[in-house]
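Thanks for making the time this morning. I would like to walk through one model with you, so please have it open while I talk.

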Amino acid sequence: MKRAFLILCAIITLVSCSTIKEDRRECPSYLTFDVDAFIAAGFRTAVVSYQAENGDVFQDEITLEQYRGVGYEVPIERGHRSQVSVVAGLERSTISETSVRALNNSPFDRIWAYASDIEPAGDLEVIRTAPHKQFCDLTFTFPEDAPEDVDFPYVLRVRTTFNGFGLYSLSPLPILSGYETCSYPDKDNGYSVVLPRQGDYDIWLDIILPGDESQAPGQVLYVIDLGKRFIDAGYDWTKQDLDNINVLIDFSATDPEIVVNPWTDDDTYSEFQV
């Protein structure tokens with residue numbers, strides 16, 4: 001009888017222990033952004049964001065060095081799919097809760113970004129972030145055999161349809177009014193513009209004579225379908241890390257000859273890519 005009683009007590013204890021569990025469904029998860037790859041790449045600051053399907057939105061600009069080796073931690077409601085991002089390289093471009101865009105027709109920044117989805121379920125979630133190149137350095141050069149005394153006084157204006165990208169998708173975002181950016185004569189550094197990721201090849205080059213001393217664009221001499229040249233050359237705007245482009249402009253002919261030179265992969269920060 002005593003043995004039966006002890007067995008019954010053991011069973012009751014076992015059942016009670018298995019049912020006394022803390023319900024943590026209402027407790028937040030703690031999401032840690034591992035930003036060491038951004039630090040190693042030389043960035044000092046970044047904007048960390050998340051957007052949950054339940055409507056929660058979070059965004060903060062952080063000093064990266066403070067989070068070396070420990071990550072940046074934020075509470076986030078568990079059980080809801082969330083989109084997360086880290087953006088670095090912002091100077092003149094603007095960032096909102098959903099997008100990164102060039103301001104008006106100001107130059108686009110050399111922006112590196114990370115984005116992914118997560119559905120936190122445990123107490124702690126860690127995301128290893130890494131910078132990916134969201135811009136193209138478009139450089140214009142002239143033939144090496146051009147006479148040194150030849151002056152190229154032109155303004156080069158590039159017109160496109162897209163002026164930024166989605167914060168969580170990194171997909172190109174169009175602007176109804178179009179986007180344009182100019183490069184002015186610079187004998188020391190040549191001509192170059194920075195383009196954000198594009199969604200199509202509707203890209204045009206205007207070759208313009210400066211209008212006055214303020215370098216306001218004046219007479220348009222030539223309009224060139226630059227997008228078609230990129231298609232013919234096989235340039236890919238969907239790559240995770242965009243390549244830079246070098247375009248040769250030869251003014252020796254009646255009309256300028258445009259050659260898209262072979263590009264090389266921009267493998268900056270490649271050791272940190274995931």
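Which strands each supply at least two residues of the lining of the second largest pocket? Before I answer, let me say that this is a predicted model, and everything that follows should be heard with that in mind. The strands in question are β2, residues 45-52, and β5, residues 82-88, and of the elements involved it is β2 that gives the most to that lining, with three residues.

The pocket itself has a volume of about 180 Å³, and the residues that line it include Phe43, Arg44, Thr45 and Ala46, together with Val87, Ala88 and Gly89, and also Glu61 and Ile95. Sorted by class, the lining comprises seven nonpolar, two polar and three charged residues.

Let me step back to the whole protein, where the secondary structure amounts to three helices and 18 strands. Of the 274 residues, 40% are buried, and the accessible surface comes to about 15,100 Å², with carbon and sulfur atoms accounting for 51% of that area. If we take the contacts between residues at least 6 apart in sequence, 69% of them join residues at least 24 apart.

Now to the interior. The largest nonpolar core has 36 residues, and those with the most contacts inside it are Leu31, Phe33, Leu64, Val84 and Phe108. Two or more residues of this core come from each of β1 (28-34), α2 (36-40), β2, β4 (72-77), β5 and β8 (112-118), and you will recall that β2 and β5 also each supply at least two residues of the pocket lining. Leucine 64, if we leave aside neighbours within four places in sequence, is in contact with Val35, Phe38, Ile39, Phe43, Arg44, Thr45 and Ala46, and among these Phe43, Arg44, Thr45 and Ala46 also line the pocket.

There is also a second, separate core, of 25 residues, which includes Cys136, Phe142, Leu156 and Ile245.

My last stop is valine 247, which is found in strand β17, residues 245-250. Is this residue buried or exposed? Valine 247 counts as buried because its relative accessibility is 0%, where the cut-off for buried is under 20%. Not counting residues up to four places away in sequence, valine 247 touches Leu138, Thr139, Phe140, Thr141, Leu226, Phe230, Ile258, Val259 and Val260. With phenylalanine 140, the C-alpha to C-alpha distance is 4.8 Å, although the two residues are 107 apart in sequence.

Methods
Residues numbered from 1 in each chain as written. Predicted model: local features only at pLDDT ≥ 70, side-chain atom pairs only at ≥ 80, totals over all residues. Heavy atoms only, no water. 1 Å grid on protein atoms, 1.4 Å probe; cavity = no way out; pocket = protein on both sides within 12 Å on 5 of 7 lines; lining within 4 Å. Points joined across faces, edges and corners; volume = space filled by probe spheres on them. Helix = DSSP H or I, 4+ residues; strand = E, 2+ residues; numbered from the N terminus. Nonpolar A, V, L, I, M, F, W, Y, C, P; charged D, E, K, R; others polar. Buried < 20%, exposed > 50% of the residue type's maximum accessible area, 1.4 Å probe, protein only. Contact = heavy atoms within 4.5 Å. Areas by Shrake-Rupley, 256 points an atom, 1.4 Å probe, with all protein chains shown as cover. Core = buried A, V, L, I, M, F, W, Y, C linked by side-chain atoms within 4.5 Å.
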